[in-house]
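Please look over the sequence and the structure shown here before reading on. The paragraphs that come after them are meant to be read with the model open alongside.

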Amino acid sequence: MQSKLSDIELIDQVLAGNQAAYADLVKRHQRFVFTLAMRFAKGREDAEEIAQDCFIKAYRSLGSFQRQSKFSTWLYSIVYTTAMTFLRKKRVDTDSIDDENTFIQVENQSSAYDVNNVENKSRSFYLNQAIEQLLPDDATIITLFYKGEQSLEEIGQALGMEANTVKVKLFRARQRLKEKLERNLKHEAKELI
Amino acid sequence: MNNIEETLWNYIDGNCTPDEQSVISTLIASDEAYRLKYQELLALNKEFAAIELEEPSMAFTYNVIEAIRTEQAQVPLKAAINKRIILGITLFFVITLTGFLIYTLGSMDWSGQGMPDLAAKVPANFKVPDVSSHISKPLVEGFMFFDVVLALFLFDTYLRRKNISKQAN
């Protein structure tokens, strides 16, 4: 059962020393933060690590939250910077092709493909698949716009960009998503024939 | 085509001025290309809005709160000690030492009458060794060179530590 209190009321309680209130905040935002983390990490374990890291960082700096923007906007800016740092680190310690984890991931993907009957795949499956194929920035903007209840200005605040830049990026991201979606659906149709 | 799409996305998102909105509404109603594109984008918009959010593991909230608790428990002693206590101890020592110094200086006999004759106790054949002959220019240069190398080494160590802590954050 999640609290009916607003984010700001919960923050006030956390700052007064009530740690349980922070658990309510985490429960409220965890799905979205985890989804955003998935846009960068592509693996559930890494995404959980990023999401967890974000909530810990947010807890540490809750006192410095200015309340001039929504808590969610502030939280998403933490997610973005944490995820970018994660990506940078990931690029540095590039996995070897012989790496056991890489092998398991590839294996799982192929087995998942075999198990899932094409007929059972819903349109949302293809949409999620297409989002996974997008660049992290594009996927993040699409997710923030459609699921984060964020305006272009707020997305700009979270990503450290101008609202107009976000608008242009959103337009391009939608175009790319549309292309990927069409390509995936065409590919599946060909396989059926 | 891109221009039409961009205009229509602005219209769908509600980012147009009222004037632009009425112009686009008219275009959708009268122009077939606009109408078809609008319907296509509207369907896509509906589809994009139906993106499903991912669900983290059941223990996610618990893990976050546990991590915060562990972090709080692991606060190093240096950070846990109140700075006022350290300041208090410092003040105590400073005041005590100053008090002793003032008392000692105040109770001293400055006339010098009670002073023993130290010169008399120094033996007549006592010789201070001459070290100036050992301090040559190459020795001073070598000493300076060693100091510079040591300073560079310490600076390098400091930068490395700073870099590591930056990466850890």
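The text below goes from the two chains as wholes, through the helix packing in chain A, to the contact between the chains.

This is a predicted model, and the scores for the prediction as a whole are ipTM 0.74 and pTM 0.63. Confidence can also be given chain by chain: chain A has a mean pLDDT of 81, with 80% of its residues reaching 70 or more, while chain B averages a pLDDT of 84, with 86% of the residues scoring at least 70.

Both chains are built from helices. Chain A holds nine helices and zero strands, so that its pattern, read along the sequence, is α-α-α-α-α-α-α-α-α. Chain B comes to eight helices and zero strands, and its pattern along the sequence is α-α-α-α-α-α-α-α. As for burial, 33% of the 193 residues of chain A count as buried, whereas for chain B the figure is 5% of 169 residues. Within chain A, if one takes the contacts between residues at least 6 apart in sequence, 65% of them join residues at least 24 apart.

Confidence varies along chain A, and it is worth knowing where before reading the details. Among the elements of this chain, α3(A) has the highest mean pLDDT, 93, and helix α5 of chain A, residues 100-115, has the lowest, 42. Over residues 96-120 of chain A the pLDDT stays under 50, and for this stretch the model has eight contacts beyond four places in sequence.

A good place to begin inside chain A is its second helix, α2(A), which spans residues 19-41. Helix α1 of chain A, residues 7-15, comes up against α2(A), the two axes coming within 7 Å and crossing at roughly 145 degrees. In this crossing, which is left-handed, D7(A), L10(A), Q13(A) and V14(A) of α1(A) meet A21(A), Y22(A), D24(A) and L25(A) of α2(A). Sorted by class, the residues of the contact between α1(A) and α2(A) are five nonpolar, one polar and two charged.

The next partner of α2(A) to consider is helix α7 of chain A, residues 136-147, which packs against α2(A) at an angle of about 160 degrees, with the axes 8 Å apart. How do these two helices run with respect to each other, roughly parallel or roughly antiparallel? Because an angle over 145 degrees counts as roughly antiparallel, α2(A) and α7(A) are roughly antiparallel to each other. Their crossing is right-handed. On the side of α2(A) the contact is made by F32(A), T35(A), L36(A), R39(A) and F40(A), and on the side of α7(A) by P136(A), A139(A), T140(A), T143(A) and K147(A). This contact of α2(A) with α7(A) divides into five nonpolar, three polar and two charged residues.

Elsewhere in chain A, one residue of helix α8, residues 152-159, deserves a closer look, namely E154(A). Is E154(A) buried or exposed? E154(A) counts as buried, because it has 22 C-beta neighbours inside 10 Å. Leaving aside residues up to four places away in sequence, E154(A) touches S69(A), K70(A) and T73(A). Of these, S69(A) is 85 residues from E154(A) in sequence, yet the two are 7.9 Å apart in space, C-alpha to C-alpha.

The last step is to turn to where the chains meet. The contact takes 29 residues from chain A and 22 residues from chain B. On the side of chain A that touches chain B, the elements giving two or more residues are α2, α3 (44-60), α6 (123-133), α7 and α9 (163-192) of chain A. Which of them gives the most? It is α2(A), with 11 residues. By class, this side of chain A has 15 nonpolar, seven polar and seven charged residues.

One helix pair across the contact can be followed in detail. Helix α4 of chain B, residues 60-73, packs with α2(A) at an angle of about 140 degrees, the axes being 10 Å apart, which means that α2(A) is oblique to α4(B). The crossing is right-handed. From α2(A), the residues Q19(A), Y22(A), A23(A), V26(A), K27(A) and Q30(A) meet F60(B), T61(B), V64(B) and I65(B) of α4(B). This contact of α2(A) with α4(B) has six nonpolar, three polar and one charged residues. Y22(A) is thus listed here and also in the contact of α2(A) with α1(A).

Note on methods
Residues are numbered from 1 along each chain as its sequence is written. Chains are lettered from A and ligands numbered from 1 in the order in which they are written. This is a predicted model: local features need pLDDT of at least 70, side-chain atom pairs count only at pLDDT 80 or more; totals for chains, interfaces and linings use all residues. Axes are lines fitted to C-alpha atoms, for helices over the stretch in contact, and angles run from 0 to 180 degrees between N-to-C directions. Helices (H or I, at least four residues) and strands (E, at least two) are DSSP runs, numbered from the N terminus. Angles under 35 degrees count as roughly parallel, over 145 as roughly antiparallel, 65 to 115 as roughly perpendicular and the rest as oblique. A crossing is left-handed if the near helix is turned anticlockwise from the far one by less than a right angle, and right-handed if clockwise. Two residues are in contact if their C-beta atoms, placed from the backbone, lie within 7 Å. Ala, Val, Leu, Ile, Met, Phe, Trp, Tyr, Cys and Pro count as nonpolar, Asp, Glu, Lys and Arg as charged, and the others, Gly among them, as polar. A residue is buried if 20 or more other C-beta atoms lie within 10 Å of its own, exposed if 12 or fewer, and partly exposed in between; C-beta atoms are placed from the backbone. pLDDT is the predictor's confidence in each residue, from 0 to 100.
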